[in-house]
Amino acid sequence: MDYQADITFQYPPDLFTLLIQTIPLLCRTKKDVISFFQGAGIGQSNLQDLIEQLEQNRQSINKYDLVRTVLTRVNQQGEQTLRERREILKRVVEFEDFSSCWPDDQLKAKGAIGEVRQIINVKDSFTRMRMEREAEKEKRQSEQKAKLLIQKEKKEKLEAIKKEFYALFAMTNPQKRGKLLEGVLNRFFDAEGILIREAFTLEGAQGEGVLEQIDGVIEIDGNLFLVEMKWWDTVLGVGEVAQHIVRVYSRGHARAIFISSSGFTGPAISECKEALRDKVIVLCKLEELVMLLEQGKDIREFLKEKIQAAIIHKNPMFEPLKS
């Protein structure tokens with residue numbers, strides 16, 4: 001039995017009435033009623049005047065009025081007498097020695113206690129259900145707040161990345177611009193939750209120096225894609241894409257994404273189509289990513305469409321935003 005349920009904070013009317021009918025049946029005398037409440041922790045401030053009234057005239061108040069008066073007082077005192085109200089309920093529902101009742105009251109007392117237990121069980125059930133509903137509501141609200149916060153933070157990140165993109169177009173130093181592009185695009189991928197690793201280099205074990213430079217690694221549907229980024233003034237040809245294709249061929253199940261600010265020549269696209277027999281190669285124009293940022297579209301879905309076109313239609317240069 002859960003005596004900690006919030007129904008003890010203030011007895012509801014039906015339970016209040018039933019307690020008034022039950023407690024006098026458990027006590028033979030008015031003095032026993034006082035002792036019952038004292039045993040439940042009810043202080044003298046709530047009992048002293050009643051004790052004095054009984055001493056002066058025992059017939060001035062009956063057991064039922066005595067119980068009603070005490071319960072009304074403790075019921076109105078809220079938090080102050082919370083522990084005492086819980087103890088009163090506990091003493092009633094756990095009452096077992098009916099030999100202390102008047103013989104004619106024993107069956108009535110058993111029935112009354114059964115009703116008290118039933119009310120408490122029902123109200124405890126409703127209390128638990130209400131508390132569960134409130135907890136679930138709070139959980140949903142908390143999750144929604146967290147979701148909105150994540151969305152807000154992501155939006156702010158993407159707005160900052162968009163500004164960085166625009167700033168790149170004003171730069172005149174090609175090398176510096178190309179290097180900064182790597183960082184901006186990797187932050188873009190990271191904001192979308194698909195970045196695995198930023199740019200890194202591989203050096204020879206025998207002191208050969210830098211053998212390879214990988215601009216980034218992303219993951220789409222469990223597949224790893226090596227990312228190459230180029231900001232050149234001229235269209236990229238076969239030689240440029242071939243270098244990246246070689247890197248992918250030397251890495252088992254790795255796939256490739258090639259991003260160019262100036263596009264690709266026809267022969268370069270054809271070279272990637274041929275490579276599709278063994279590897280997944282996706283070509284992407286920088287302007288496509290800028291359009292994604294401007295339109296607020298999901299880069300993961302965008303890349304999935306390009307990947308599917310490369311695999312199904314052998315088209316490494318599919319442009320979803322124009323289809």
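**Notebook: loops, cores, salt bridges and a helix pair**

**Entry 1. Asp-221**

I began with Asp-221, which has a relative accessibility of 54% and therefore counts as exposed, the cut-off being over 50%. I note at the outset that the model is predicted. I then asked where Asp-221 lies in the chain. Asp-221 sits in the loop between strand E2 (210-220) and E3. I looked up its backbone next: phi of Asp-221 is positive, at about 50°, although the residue is not a glycine. I also looked for charged partners and found Asp-221 in a network of salt bridges with Glu-301 and Lys-304.

**Entry 2. Lys-314**

I looked up another positive phi in a residue other than glycine, and Lys-314 has one near 55°. I located Lys-314 in the segment after helix H11 (299-312). Is Lys-314 buried, partly exposed or exposed? I read a relative accessible area of 41% for Lys-314, so the residue is partly exposed.

**Entry 3. Gly-41**

I turned to Gly-41, found in the loop between helix H2 (30-39) and helix H3 (44-56). Gly-41 has 27% relative accessibility and so counts as partly exposed. Which residues does Gly-41 contact, leaving aside its neighbours within four places in sequence? I found Arg-83 and Glu-84. For Gly-41 and Arg-83 I also took the C-alpha separation, which is 8.2 Å, with their positions 42 residues apart along the chain.

**Entry 4. The whole chain**

I then stepped back to the totals. The protein has 323 residues, of which 42% count as buried. I counted 11 helices and 5 strands. I also looked up the contacts with a separation of 6 or more: 67% of these join residues 24 or more positions apart.

**Entry 5. The nonpolar cores**

I examined the largest nonpolar core, which has 53 residues. Which members touch the most others? I recorded Phe-165, Phe-189, Ile-218 and Ile-259. Helix H7 (residues 174-191) gives the most to this core, with 6 residues. I followed Phe-165 further and, not counting residues up to four places away in sequence, found that it touches Leu-181, Val-184, Leu-185, Phe-188, Leu-286, Val-290 and Leu-293. Apart from the largest core lies another, of 39 residues, and I noted Leu-19, Cys-27, Ala-112 and Val-116 among them.

**Entry 6. Packing of H7 and H10**

I next looked at how H7 meets helix H10 (residues 286-295). The two helices pack at an angle of about 45°, and their axes are 12 Å apart. Angles under 35 degrees would count as roughly parallel and 65 to 115 as roughly perpendicular; H7 and H10 are therefore oblique to each other. I recorded the crossing of H7 past H10 as left-handed. Which residues make the contact? From H7 I listed Leu-181, Leu-185 and Phe-188, and from H10 Leu-286, Leu-289, Leu-292 and Leu-293. I checked this list against the partners of Phe-165, which include Leu-181, Leu-185, Phe-188, Leu-286 and Leu-293.

**Entry 7. Salt bridges**

How many salt bridges does the model contain? I found 19. I looked at several pairs individually.

Glu-87 and Arg-91 meet through their side chains in a salt bridge, at 3.4 Å from N to O. Both belong to helix H5 (residues 82-93), and because they are 4 residues apart, about one helical turn separates them. I looked up their accessibility: Glu-87 is at 22% and so counts as partly exposed, and Arg-91, at 32%, also counts as partly exposed.

Arg-187 and Glu-164 form a salt bridge with an N to O distance of 2.5 Å. I note that this pair links distant parts of the chain, 23 residues apart, with Arg-187 in helix H7 and Glu-164 in helix H6 (residues 106-169). Arg-187 has 37% relative accessibility and thus counts as partly exposed; Glu-164, at 29%, counts as partly exposed as well.

For Glu-228 and Arg-247, I found a salt bridge whose closest N and O atoms are 3.4 Å apart. This pair also links distant parts of the chain: Glu-228 lies in strand E3 (residues 223-230), and Arg-247, 19 residues away, in helix H8 (residues 238-249). Are these two residues buried or exposed? I recorded both Glu-228 and Arg-247 as buried.

Methods: Residues are numbered from 1 along each chain as its sequence is written. This is a predicted model: local features need pLDDT of at least 70, side-chain atom pairs count only at pLDDT 80 or more; totals for chains, interfaces and linings use all residues. Side-chain values use heavy atoms; hydrogens and water are left out. A nonpolar core is a set of buried Ala, Val, Leu, Ile, Met, Phe, Trp, Tyr and Cys residues joined through side-chain atoms within 4.5 Å. Buried means under 20% relative accessible area, exposed over 50%, partly exposed in between (1.4 Å probe, protein chains only). Contact means heavy atoms within 4.5 Å. A salt bridge is a side-chain nitrogen of Lys or Arg within 4 Å of a carboxyl oxygen of Asp or Glu. Axes are lines fitted to C-alpha atoms, for helices over the stretch in contact, and angles run from 0 to 180 degrees between N-to-C directions. Angles under 35 degrees count as roughly parallel, over 145 as roughly antiparallel, 65 to 115 as roughly perpendicular and the rest as oblique. A crossing is left-handed if the near helix is turned anticlockwise from the far one by less than a right angle, and right-handed if clockwise.
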